[in-house]
Structures are given as structure tokens and as C-alpha cells.
Amino acid sequence: MAEFLTDIKEIRARARQEIDKGPITSAYGADLQRVVQVCNEALATELVCVLRYKRHYYTATGIYAEPVAAEFLEHAAEEQEHADRLARRIVQLGGEPDFNPDTLTARSHAEYDSSLDLVEMIKEDLVAERIAIASYTEIVQWLGDRDVTTRRIFEDLLAQEEEHADDLKGLLERLPEAQRR
Ligand SMILES: [Fe+2]
Ligand SMILES: [Fe+2]
């Protein structure tokens with residue numbers, strides 16, 4: 001194991017400099033502005049996901065709608081938590097969380113969807129989850145050990161998006177053949 005070489009006096013001295021940066025110290029290894037930008041894109045993605053799941057929850061109809069709608073509602077609440085965690089982190093990093101509705105869908109990786117067919121809704125949600133999974137996987141790899149806290153947030157989000165995708169796949173499989181097409 002490599003030795004921990006940093007001089008404690010040096011760490012203390014550096015910590016006193018630039019205290020207006022809060023938790024960001026000279027040990028921060030990532031490109032701060034780019035990290036804030038990437039977090040804002042993920043925030044937009046999560047907000048669009050909240051809206052899509054809510055839309056699907058309120059408009060799901062048919063004899064199979066009830067358990068599916070319950071899943072939509074649960075996912076909407078979890079996407080909202082994801083958005084909140086990202087917004088909090090952006091502020092910690094000294095950035096501004098972008099909640100501007102005018103530019104939301106353009107900044108989001110995943111898309112909004114207003115299908116009225118239950119199976120279409122599930123498929124669109126599954127696609128959106130797969131987009132989030134692919135982009136969060138890349139973000140985790142990109143951050144590496146240069147910003148461990150932000151990486152950990154994306155790792156948590158990634159694990160939950162994988163659960164969401166698995167839930168949706170399960171729903172599709174449980175719907176009768178005729179419904180699935
Ligand atoms: Fe999410
Ligand atoms: Fe999700």
C-alpha cells in the first residue's frame with residue numbers, strides 16, 4: 001500500500017485558504033464546472049422521468065392497470081429523490097441546480113412520453129431507464145476517484161435505475177401475450 005505522504009501542517013494550512021469554497025478543497029481532482037454540468041443534465045433527466053411516470057400513473061387504464069400504476073407511482077417518487085440528491089450535490093459543489101422548465105427536455109437524456117396504451121407506457125419507461133443506466137454507468141467511470149462523493153451518488157442512482165428497469169421488464173412479462181403485442 002502506498003504511504004500517506006501529505007503533511008498534516010500542509011493540509012491544515014490549505015484548509016484555511018479559500019474557505020468560501022466550502023467542501024471543495026485543493027484535493028478535489030475533477031473538473032468542477034464539468035461535474036456540475038453533468039449533474040445538471042442528470043437532474044434534468046430525473047425531472048423528466050418524474051413527469052413521465054406521473055403522467056403514466058394518472059392515465060394508466062385497463063384491467064391490468066392497477067399494479068402497473070402502483071409501480072409508476074413508486075418510480076416517480078424515487079426519481080424525485082434522485083433529483084433532490086443531485087440538486088443538493090450541485091449546490092455543495094458551488095453550482096446552481098437548473099430547474100428551468102423551458103429547457104428541461106432538451107437537457108434531459110431520457111425522453112418524456114404521453115402514450116395512452118399501457119404496454120407502450122411500460123416500454124417507454126423501460127427505454128428511459130436503459131438510457132439512464134447507460135449514461136450513469138459512463139458518469140461513474142468518468143468520475144473514477146476524482147470526486148468520490150458525486151460518484152457514490154451516481155452509483156446509488158444507477159443501482160435503483162437497474163431495479164426500475166428490472167421491475168418494468170417483469171411487468172411486461174406478466175402482461176398477457178395479447179396485451180404485449
Ligand atoms: Fe432516477
Ligand atoms: Fe428510474
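1. Is Cys49 buried or exposed? Cys49 is buried, at 4% relative accessible area. This is a predicted model, and the points below should be read with that in mind. Cys39 is buried too, with a relative accessible area of 1%.

2. Do not look for a disulfide. The whole structure was searched, and 0 disulfides turned up. Cys39 cannot bond to Cys49, because the sulfur of Cys49, the closest cysteine sulfur, is 16 Å away. A disulfide would need the two sulfur atoms within 2.5 Å. Seen from the other side, Cys49 is likewise in no disulfide, and its nearest cysteine sulfur is that of Cys39.

3. Turn next to the metals, starting with the iron ion (ligand 1). Its donors are Glu46 (OE), Glu46 (OE), Glu79 (OE), His82 (ND1) and Glu161 (OE). They sit at 1.9 to 2.4 Å. Along the chain, the spacing of these donors reads E-x32-E-x2-H-x78-E. His82 belongs to helix 3 and Glu161 to helix 6 (residues 148-174), so this pair ties together parts that lie 79 residues apart in sequence. His82 and Glu161 are both buried.

4. Which protein atoms hold the iron ion (ligand 2)? The donors are Glu79 (OE), Glu129 (OE), Glu129 (OE), Glu161 (OE) and His164 (ND1). Their distances from the ion run from 2.0 to 2.3 Å. The sequence spacing of the donor residues is E-x49-E-x31-E-x2-H. Here too, distant parts of the chain are linked: Glu79 is in helix 3 (residues 65-92) and Glu129 is in helix 5 (residues 118-143), 50 residues apart. Both Glu79 and Glu129 are buried.

5. The two sites should be viewed together. The iron ion (ligand 1) and the iron ion (ligand 2) are 3.9 Å apart. Glu79 coordinates both of them. Glu161 appears among the donors of the iron ion (ligand 1), and also among those of the iron ion (ligand 2).

6. Compare this with the record. The unreviewed UniProt entry gives the feature "binding site" at Glu46, His82, Glu129, Glu161 and His164. These positions spread over 119 residues of sequence, yet they cluster in space, with a largest C-alpha distance of 12.9 Å. In the model, Glu46 and His82 are among the donors of the iron ion (ligand 1). Glu129 and His164 are among the donors of the iron ion (ligand 2).

7. Glu129 deserves a closer look. This residue lies in helix 5 and is buried, at 1% relative accessibility. What does Glu129 contact, leaving aside its neighbours within four places in sequence? The list is Tyr53, His75, Glu79, Glu161, His164, Ala165 and Leu168.

8. His164 is the next residue to inspect. It is found in helix 6. His164 is also buried, with 1% relative accessibility. Not counting residues up to four places away in sequence, His164 touches Tyr53, His75, Glu78, Glu79, His82 and Glu129. Tyr53 and His75 are thus contacts of His164, and both are also contacts of Glu129.

9. Helix 3 carries Glu79 and His82. How many residues does helix 3 have? Helix 3 has 28 residues. From first C-alpha to last, helix 3 reaches 41 Å, close to the 40 Å expected at 1.5 Å a residue. Just after helix 3 comes Gly94, with a positive phi of about 85°.

10. Salt bridges come last. The count is 8. One of them joins Glu155 and Arg151, whose closest N and O atoms are 3.1 Å apart. Both residues lie in helix 6, 4 residues apart, about one turn of the helix. An α-helix has 3.6 residues a turn, so residues three or four places apart point the same way. Glu155 is partly exposed, at 32% relative accessible area, and Arg151 is partly exposed at 22%.

11. Two further bridges can be checked. Lys21 pairs with Glu18, with 3.1 Å between the closest N and O atoms. Lys21 is partly exposed at 40% relative accessibility, and Glu18 is partly exposed at 49%. Arg107 and Asp98 form another salt bridge, 3.4 Å from N to O. Asp98 counts as partly exposed, at 27% relative accessibility.

Note on methods: Residues are numbered from 1 along each chain as its sequence is written. Chains are lettered from A and ligands numbered from 1 in the order in which they are written. This is a predicted model: local features need pLDDT of at least 70, side-chain atom pairs count only at pLDDT 80 or more; totals for chains, interfaces and linings use all residues. Side-chain values use heavy atoms; hydrogens and water are left out. Donors are N, O and S atoms within 2.8 Å of the metal (3.2 Å for Na, K and Ca); water is not among the atoms, so sites may look incomplete. Helices (H or I, at least four residues) and strands (E, at least two) are DSSP runs, numbered from the N terminus. Buried means under 20% relative accessible area, exposed over 50%, partly exposed in between (1.4 Å probe, protein chains only). The expected span of a helix is 1.5 Å times one less than its number of residues. A salt bridge is a side-chain nitrogen of Lys or Arg within 4 Å of a carboxyl oxygen of Asp or Glu. UniProt positions are given in the numbering used here, feature names are shortened, and annotations may be inferred rather than shown by experiment. Contact means heavy atoms within 4.5 Å.
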